Amino acid sequence: MEPGPLSAASPALGPWLAERPEPPDSGWGRLSELFRRDELNRYPEETVNIVKASFSGGIVGLIYGGIPGFIYAKKRYIEQSEGEIYHNRLDAVQSAHRAAIRGFIRYGWRWSWRVAAFVAIFNTVSTGLSAYRDKNALSHFAIAGVCTGGLFRMHLGLRGLVGGSIFGALLGIPAGGLLMAMQNLAGETLLERKKRKQKELYEQKLAEWGTSLKITESISEERVEAFQEGAEENSAIKMQGLQNFPQNPES
């Protein structure tokens, strides 16, 4: 098979040729894409959803722990300050409110960071497993619950580790089932939407690669034709010079 124009000019055009785009076909490749920005400097939708869910969990934890802490701190302050003397009723009310706000912040923060961390670890593990295996499964949420519950209770020893893992699994299975049901009701799961977008992006990159390849081949052919024309002109000039050169007379 004779080499075409592209192979003849490959040393000169090598830097111009881009590699053929290939979709990620390995679990580690899909997993690494979760923490990689795209051409528009944006993180994947799954990573953004993890951050949003963690922030929402922190808000829920703040309210869940803060409101009872507010009520408890205010009630306890009133019980402990019955013998104190205030300048007026407003001063007493303000002191009680300040104590209640301190209780809200104290107990609210205690629950807020715990719930945010639980949601972040749970979603990170389940999303990572789904990306690595390239499918959704209820077992991913169970494993995520086991890992999260075990991490939160491991400081209590082996018994706490086992208990936390069981509690996390029991919590992760219904939570995962609810999330999968909501995605199915929406008509398209998050993984299906990601695959569709990846396919569209791959086809677009493949079309751009094909266009650049055609341009490169055209430039290569033009260079080869110009080289051949130059070689023919040089050959013709040399032949003409040899014909015009005076020959020696015979002795």
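This is a short talk on one buried glycine and two surface patches in a predicted model.

Hi everyone, thanks for having me. Please keep in mind that the model is predicted.

Let's start with Gly 58. You'll find Gly 58 in helix H4, which covers residues 45-80. Is Gly 58 buried or exposed? With a relative accessible area of 7%, Gly 58 is buried, because the cut-off for that label is under 20%. And what does Gly 58 touch, once we set aside residues up to four places away in sequence? The answer is Ser 112 and Ala 116. Arg 114 is 56 residues from Gly 58 along the chain, yet their C-alpha atoms are separated by 7.7 Å.

That arginine brings us to the surface. Arg 114 gathers with Arg 76, Arg 106 and Arg 110 in a patch of positive charge. Which helix gives the largest share of that patch? Helix H5, residues 89-133, supplies three residues. Arg 110 is found in helix H5, and at 36% relative accessibility it counts as partly exposed.

Now for the other patch, which is nonpolar. Leu 151, Met 154, Leu 158, Leu 161, Val 162, Ile 166 and Leu 170 form this one on the surface, and together they have about 690 Å² of accessible area. Helix H7, residues 158-185, gives the most, with five residues. Met 154 sits in the loop between helix H6 (138-153) and H7. Its relative accessibility is 48%, so Met 154 counts as partly exposed, as the exposed label needs over 50%.

That's my tour, and I'm happy to go back to any of these spots with you.

Notes
Residues numbered from 1 in each chain as written. Predicted model: local features only at pLDDT ≥ 70, side-chain atom pairs only at ≥ 80, totals over all residues. Heavy atoms only, no water. Helix = DSSP H or I, 4+ residues; strand = E, 2+ residues; numbered from the N terminus. Buried < 20%, exposed > 50% of the residue type's maximum accessible area, 1.4 Å probe, protein only. Contact = heavy atoms within 4.5 Å. Patch = residues over 30% accessible without salt bridge, like charges linked within 9 Å, V, L, I, M, F, W, Y side chains within 5 Å. Areas by Shrake-Rupley, 256 points an atom, 1.4 Å probe, with all protein chains shown as cover. Salt bridge = Lys/Arg side-chain N within 4 Å of Asp/Glu carboxyl O. Lys, Arg positive; Asp, Glu negative; His and termini not counted. Charge placed at Lys NZ, Arg CZ, Asp CG, Glu CD.
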